[in-house]
Amino acid sequence: IQLSDAGFEFDLSKMKWEFRYDQLKEFKKSYGHTMVPIEYEENPDLGMWVKTQRRQYVLLKQRRRSSLTKERIQLLENIGFVFIAEKDDRVWNERVDELVAYKAKHGTFDVSPSNQKLQKWVHTQRWQYKQYTSGTKTPMTRERMRTLQRIGFNWTSEITMRNKTWDERFEQLVEYKKLHGDCNVVYSYKEIPGLATWVASQRSFFRKLQKSGEYTRTFTKERMKALEKLGFQFVVTSGNRSKVPKSVKA
């Protein structure tokens, strides 16, 4: 529709397009990308407009009638608009489905190196999440975060969480030894809740190590050496002597 006023023509459709384009630029300033979800809660019309631009681009490539001009394409490209986002979203969702299947089979979201493609994708999601939460530009969106949260995805690997917990407990044990002169924390010790249980767990892991002769992710050679250096007694005897493992694989 065209309106004439004071000798010039006013293109309403052009005005609407430029209005949405300005909104898209503001979206990019806020989120660092132009991947506006179709169901964008803050501005549903913008999400539909973005979808329309991609559809018009497809029509143009098919040599069919399209409202997307060369000038508009250039403007969109100038702000990093992704015309093939629908394909990107499909691939992303396929990876989510793969991850759900992996979790159902293995009981964890920490993908093993035997599936390098999925493992790398999981690492990328966690890295992008850290960027997003720190305010850094990233392809991660709130909608993608919600999708991953719905399947129970943990943003920190289980190994990292276990290491952090172990390291924190070890530091508590160091402080305990400074005060009491040994690492034999009794269950009646209430000043640091859970420390006695953790100490008992290390001894239990040691007994399993003696039987199997192999270290595990929970009880590694490095952890055992750290405890030994601290003077930790893996087996408490009447003479308060500690035993070290024999015939253990390096």
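Helices and strands here are DSSP runs, numbered from the N terminus, with at least four residues for a helix and at least two for a strand. On that basis, the elements of the protein chain run β-β-α-α-α-α-α-α-α-α-α from the N terminus on, which comes to 9 helices and 2 strands. Keep in mind that this is a predicted model.

**The chain as a whole**

The protein chain has 250 residues, and 35% of them are buried. Its accessible surface comes to about 16,500 Å², with 51% of that belonging to carbon and sulfur atoms. Take the contacts between residues at least 6 apart in sequence: 49% of them join residues at least 24 apart.

**Two helices, α2 and α5**

Let's look at helix α2 (residues 44-61) and helix α5 (residues 116-133). Helix α2 has 18 residues, so at 1.5 Å a residue it should span 26 Å, and its end C-alpha atoms are indeed 26 Å apart. The sum works out for helix α5 too: 18 residues at 1.5 Å a residue should span 26 Å, and the end C-alpha atoms are 26 Å apart. The expected span uses one less than the number of residues, because that is how it is defined.

On α2, the buried residues are Leu46, Gly47, Trp49, Val50, Gln53, Arg54, Gln56, Tyr57 and Leu59. On α5, they are Leu118, Trp121, Val122, Gln125, Arg126, Gln128, Gln131 and Tyr132. So polar names turn up in the buried set of α2, among them Gln53 and Arg54, where buried means under 20% relative accessible area. What comes after each helix? Following α2 is Arg63, with a positive phi near 60°, while α5 is followed by Gly135, with a positive phi near 85°.

**The cores**

In soluble globular proteins, nonpolar side chains tend to be buried together. The largest nonpolar core in this model has 21 residues, and Leu173, Val185, Trp198 and Leu227 have the most contacts inside it. Helices α7 (158-180), α8 (195-212) and α9 (221-230) each supply at least two residues of this core, and the largest share, 6 residues, comes from α8.

Leu173 gives a good view of how this region is put together. Leaving aside its neighbours within four places in sequence, Leu173 is in contact with Cys183, Val185, Leu195, Trp198, Val199, Leu227, Leu230 and Phe232. There is also a second, separate core of 16 residues, which includes Leu24, Tyr40, Leu46 and Tyr57.

**Aromatic pairs**

Searching the whole structure turns up 15 aromatic pairs. Here are two of them.

| Ring pair | Distance of centres | Angle of planes | Kind |
|---|---|---|---|
| Trp17 and Trp49 | 5.4 Å | 65° | edge-to-face |
| Tyr57 and Phe83 | 4.2 Å | 20° | stacked |

The Trp17 and Trp49 pair counts as edge-to-face because its planes are at 65°, and the cut-off for that label is over 60 degrees. The pair links distant parts of the chain, with Trp17 in helix α1 (residues 12-31) and Trp49 in helix α2, 32 residues apart. Trp17 is buried, with a relative accessible area of 5%, and Trp49 is buried as well, at 10%.

The Tyr57 and Phe83 pair, with its planes at 20°, is stacked because that angle is under 30 degrees. This pair also links distant parts of the chain: Tyr57 sits in helix α2 and Phe83 in the loop between α3 (70-78) and α4 (85-106), 26 residues apart. Both Tyr57 and Phe83 are buried.

Elsewhere, ring pairs link Phe205, Phe206, Phe219, Phe232 and Phe234 into a cluster. As for a charge over a ring, Lys103 lies over the face of Phe109, at 5.3 Å from the ring centre.

**Two partly exposed residues**

Are Thr216 and Glu18 buried or exposed? Neither label fits: Thr216 is partly exposed, with a relative accessible area of 44%, and Glu18 is partly exposed at 38%. Thr216 has its place in the loop between α8 and α9. Thr216 and Phe205 are 11 residues apart in sequence and 8.9 Å apart in space, C-alpha to C-alpha.

Glu18 lies in helix α1. Glu18 and Leu75 are 57 residues apart in sequence, yet 10.0 Å apart in space, C-alpha to C-alpha.

Technical notes
Residues are numbered from 1 along each chain as its sequence is written. This is a predicted model: local features need pLDDT of at least 70, side-chain atom pairs count only at pLDDT 80 or more; totals for chains, interfaces and linings use all residues. Side-chain values use heavy atoms; hydrogens and water are left out. Buried means under 20% relative accessible area, exposed over 50%, partly exposed in between (1.4 Å probe, protein chains only). A nonpolar core is a set of buried Ala, Val, Leu, Ile, Met, Phe, Trp, Tyr and Cys residues joined through side-chain atoms within 4.5 Å. Contact means heavy atoms within 4.5 Å. Rings of Phe, Tyr and Trp (its six-membered ring) pair if their centres lie within 6.5 Å; planes under 30 degrees apart count as stacked, over 60 as edge-to-face and the rest as tilted. A charge sits over a ring if NZ of Lys or CZ of Arg is within 6 Å of the ring centre and within 35 degrees of the ring normal. Accessible areas come from the Shrake-Rupley method with a 1.4 Å probe; for residues, only the protein chains shown count as cover.
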